[in-house]
Amino acid sequence: MLVFSKIKLGMEDWRKLESDLERIAAGQPLEIVINVTLVSSSDEAGEEEEEEHHHYHAHHLDENEFTREVAKMIDYVAQEYNAHVHPHIHSNHGSVMFSVKGSPKELTKVLRDVIEFVKLNCEKCILHSLDGEFHLGEDLSGIYFGDAYKITVILPAEDGRRLKVHELHL
């Protein structure tokens, strides 16, 4: 019974976030920017960081299991959510920034899906952290940060003078 209570509570937190995002959006589409930082779960990529590769993107690196798994994640999110993608991947770590426009319900689903995809489909990559923003047009509407287990979202409250904090568990 305790497990079901936690699941129900967790889903309720996501619904509250979605409700606040709907209030902020006022019927207009929002944009979410998701910055995912990943690290390799193995040392197969080597300990050395080649200086010449430091500023290049994934397509300049030799493929290994880590980069292949990150590429699968990128392909999934880009195709499933029509996301704009900006990767910066090395052989054993990196970050990927996704940008997706949609309704609050769609955007909360994207955020959960990105995290779940890494947790369930990546054996050689680990989600180190994630952070990002919600935008309404050109305006910043909220920020969030966290990891594979908990995300903290900060949005404006109804009165416009205070901030509202959501803690979401995955």
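## Overall picture

Of the chain's 170 residues, 42% count as buried, meaning under 20% relative accessible area with a 1.4 Å probe and protein chains only, while exposed is over 50% and partly exposed lies in between. This is a predicted model, where local features need pLDDT of at least 70, side-chain atom pairs count only at pLDDT 80 or more, and totals for chains, interfaces and linings use all residues. Residues are numbered from 1 along each chain as its sequence is written, and side-chain values use heavy atoms, with hydrogens and water left out.

There are three helices and seven strands, taken as DSSP runs numbered from the N terminus (helices H or I, at least four residues; strands E, at least two). Going along the sequence, the pattern reads α-β-α-β-β-α-β-β-β-β. As for contacts (heavy atoms within 4.5 Å), 61% of those with a separation of 6 or more are between residues 24 or more positions apart.

## The core and helix α3

The largest nonpolar core holds 40 residues; such a core is a set of buried Ala, Val, Leu, Ile, Met, Phe, Trp, Tyr and Cys residues joined through side-chain atoms within 4.5 Å. I34, V70, M73, F98, Y144 and I151 have the most contacts inside this core. Among the elements giving it two or more residues are α1 (2–25), β1 (30–40) and α2 (65–81), but the largest share, seven residues, comes from α3. Leaving aside residues up to four places away in sequence, M73 touches L38, V96, F98, F117 and V118.

Those last two sit in α3, where the buried residues include F117 and V118 along with P104, L107 and V110. Helix α3 (residues 104–121) has 18 residues and should span 26 Å, and its end C-alpha atoms are 25 Å apart, which agrees. That expected span is 1.5 Å times one less than the number of residues.

## Strands β5 to β7

Strands β5 (residues 139–146) and β6 (residues 150–156) pair antiparallel over four bridges; pairing takes at least two bridges found by DSSP. They make a hairpin with three residues between them. On its other side, so to speak, β6 is joined to β7 (residues 163–169) by seven bridges, again antiparallel.

T152 of β6 ties this together: F145 is its bridge partner, and E167 in β7 stands opposite T152. The β6–β7 hairpin has six residues between its strands, and there G160 takes a positive phi near 75°.

## Cysteines

C122 is buried at 11% relative accessibility, and C125 is buried at 4%. The disulfide count (cysteine sulfur atoms within 2.5 Å) comes to zero.
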